[in-house]
Amino acid sequence: MTKPDAKIVEKIKNDISLLFRHTDVKHEAIRELADLYFQREVSRQTTRMTNAASAGIIPESEEVDEGSYHPVDLDTLLRTQIKLPSLPLIFSQIMDLMSDPDSSANDFAKVIGNDPALTAKLLKIVNTAFYGYRSQIDTISHAVMIIGTSELYALCLSTSVLTLFKDIPSILVDMTSFWKHSIGCGMIARKIAARKGETNRERFFVAGLLHDIGRLIIYNNLPNQAHQAIAYAAHHKELLYNAETRVLGFDHAKIGGRILDKWKLPVKLADVVRFHHHPENAPEPFDIDTAIIHLSDIILNALQLGTSGEHLVPPLNPAAWKMIGLSVEMLPEIIQETESQIEEISNILIPRKQSNQSRRYY
Ligand SMILES: [Fe+2]
Ligand SMILES: [Fe+2]
């Protein structure tokens with residue numbers, strides 16, 4: 001590779017100081033992620049594959065009026081103003097089948113087959129390299145036998161959740177980017193879990209996919225406050241979840257946990273969502289699921305693979321890193337292995353209508 005232009009190197013170094021300003025760059029994992037960011041940006045900006053050289057890490061900030069913030073009580077809001085979406089009927093049917101010991105693969109196929117779009121997506125996904133099944137899976141009943149009902153349930157949930165949020169103001173978030181961040185987080189989490197020898201790994205994909213879902217509820221129901229939080233974060237170079245707490249009185253993780261409660265998903269999964277930025281506050285501090293989602297979110301933010309609205313890298317809790325016990329050399333391996341697969345799965349899962357290249361607020 002030709003020697004990179006000194007101006008490009010300088011700009012990327014400045015971007016790194018901004019991107020990682022809230023986390024400890026001396027930590028081995030963060031240093032590795034910063035190095036990876038550096039190498040990738042040098043190559044991207046030198047070969048001019050993108051116009052990233054002119055793009056900033058944080059969008060242009062506007063003046064903020066902090067006197068207009070009115071933090072509110074989440075319970076009151078949920079009682080009076082915010083309606084949490086329900087899951088499609090097909091979930092209660094699949095859950096009934098899962099709890100029925102007499103149900104067969106054909107019973108699952110019949111229920112899922114009622115939704116041809118869901119069926120087609122599920123079959124595409126289970127045949128991707130990410131899932132790595134050796135033989136071609138052509139029918140849902142075949143999929144049930146090969147991948148099992150829990151995995152299929154997780155995939156149905158993931159596929160349908162992406163179609164639930166249709167009316168998010170496009171000025172607040174690019175939905176393609178949002179889902180890419182979420183899908184990527186789930187996929188990286190699942191890979192890390194595999195390296196750790198965890199079983200029932202579908203739960204990591206679901207947790208990653210849902211970890212920032214609270215933001216969609218905020219964007220949908222409280223667009224003005226969402227805009228205020230985004231503007232505050234940009235103006236003060238602050239993390240968006242801190243800005244949310246400042247403006248709203250709660251953050252996306254808190255409301256995200258409440259949606260999972262409403263959907264009657266396992267309490268443990270709701271807690272992973274609730275504590276993904278603060279694993280130390282979880283009821284079971286540093287449980288492995290929360291620690292892995294915490295790290296995966298940081299990886300996705302550090303490499304700028306999609307965004308749920310956050311533009312900076314949240315702080316890594318060193319105890320969570322220690323608990324996962326990953327060696328730092330594994331990080332680039334996992335990222336490289338998963339990156340093209342994130343594109344493939346995102347292309348299947350993200351609804352076309354949401355793939356807007358909408359203008360952003362800034
Ligand atoms: Fe988050
Ligand atoms: Fe996130």
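Which helix holds Glu244?

## Glu244 in helix H13

Glu244 sits in helix H13, which covers residues 240–248. The model described here is predicted. Glu244 has a relative accessibility of 3%, so it counts as buried. Setting aside neighbours within four places in sequence, Glu244 touches Arg215, Ile218, Ala229, Gly249, Phe250, Asp251 and His252.

Some of these partners come up again below. Arg215 and Ile218 belong to H11 and take part in its contact with H14. His252 is one of the protein donors of the iron ion (ligand 1).

## The first iron site

Which residues bind the iron ion (ligand 1)? Its protein donors are Asp212 through OD, and His252, His276 and His277 through NE2. They lie 2.1 to 2.2 Å from the ion. Along the chain, the donors follow the spacing D-x39-H-x23-H-H.

The angles between the four donor atoms run from 84 to 179°, so the arrangement is irregular. His252 lies in helix H14 (residues 252–262). His277 lies in the loop between helix H15 (267–274) and helix H16 (288–302). The pair therefore ties together parts that are 25 residues apart in sequence. Both His252 and His277 are buried.

## The second iron site

The iron ion (ligand 2) also has its own set of protein donors. These are His181 (NE2), His211 (NE2), Asp212 (OD) and Asp297 (OD), at 2.1 to 2.2 Å. Their spacing along the chain is H-x29-H-D-x84-D. The four donor atoms subtend angles of 87 to 172°, which makes this arrangement irregular.

His211 and Asp297 link distant parts of the chain. His211 is in the loop between helix H10 (202–210) and helix H11 (213–221), while Asp297 is in helix H16. The two are 86 residues apart. His211 is buried, with a relative accessible area of 0%. Asp297 has 2% relative accessibility and counts as buried.

## The bridge between the irons

How far apart are the iron ion (ligand 1) and the iron ion (ligand 2)? The separation is 3.8 Å. Asp212 coordinates both ions. This residue is the bridge between the two sites.

## Helix packing around the sites

H11 and H14 pack against each other at an angle of about 100°, with axes 7 Å apart. That angle makes H11 roughly perpendicular to H14. On the H11 side, the contact involves Ile213, Gly214, Arg215, Ile217 and Ile218. On the H14 side, it involves His252, Ile255, Gly256, Ile259 and Leu260. By class, the contact has six nonpolar, three polar and one charged residues. His252 thus has two roles to note: it contributes to this contact, and it is a donor to the iron ion (ligand 1).

H15 has buried residues too. Leu269, Ala270, Asp271, Val272 and Val273 are buried in this helix. The cover over the buried residues of H15 includes H10, H14 and H16.

## Two residues with positive phi

Most residues other than glycine have a negative phi. Lys264 is not a glycine, yet its phi is positive, at about 60°. Lys264 lies in the loop between H14 and H15. Is Lys264 buried or exposed? Its relative accessibility is 66%, so Lys264 counts as exposed.

Gln304 also has a positive phi, near 55°, and is a residue other than glycine. Its place is in the loop between H16 and helix H17 (318–324). Gln304 is partly exposed, with a relative accessible area of 34%.

## Contacts of Gln304

Which residues does Gln304 contact, leaving aside its neighbours within four places in sequence? They are Leu19, Tyr37, Ile57 and His311. Leu19 is 285 residues away from Gln304 along the chain. The C-alpha atoms of Gln304 and Leu19 are separated by 9.6 Å.

How values were computed
Residues numbered from 1 in each chain as written. Chains lettered and ligands numbered in written order. Predicted model: local features only at pLDDT ≥ 70, side-chain atom pairs only at ≥ 80, totals over all residues. Heavy atoms only, no water. Donors = N, O, S within 2.8 Å, 3.2 Å for Na, K, Ca; no water. Tetrahedral: all angles 85-135°; square planar, octahedral: opposite > 155°, others 65-115°. Helix = DSSP H or I, 4+ residues; strand = E, 2+ residues; numbered from the N terminus. Buried < 20%, exposed > 50% of the residue type's maximum accessible area, 1.4 Å probe, protein only. Axes fitted to C-alpha atoms, helices over the stretch in contact; angles between N-to-C directions. Parallel < 35°, antiparallel > 145°, perpendicular 65-115°, else oblique. Contact = heavy atoms within 4.5 Å. Nonpolar A, V, L, I, M, F, W, Y, C, P; charged D, E, K, R; others polar.
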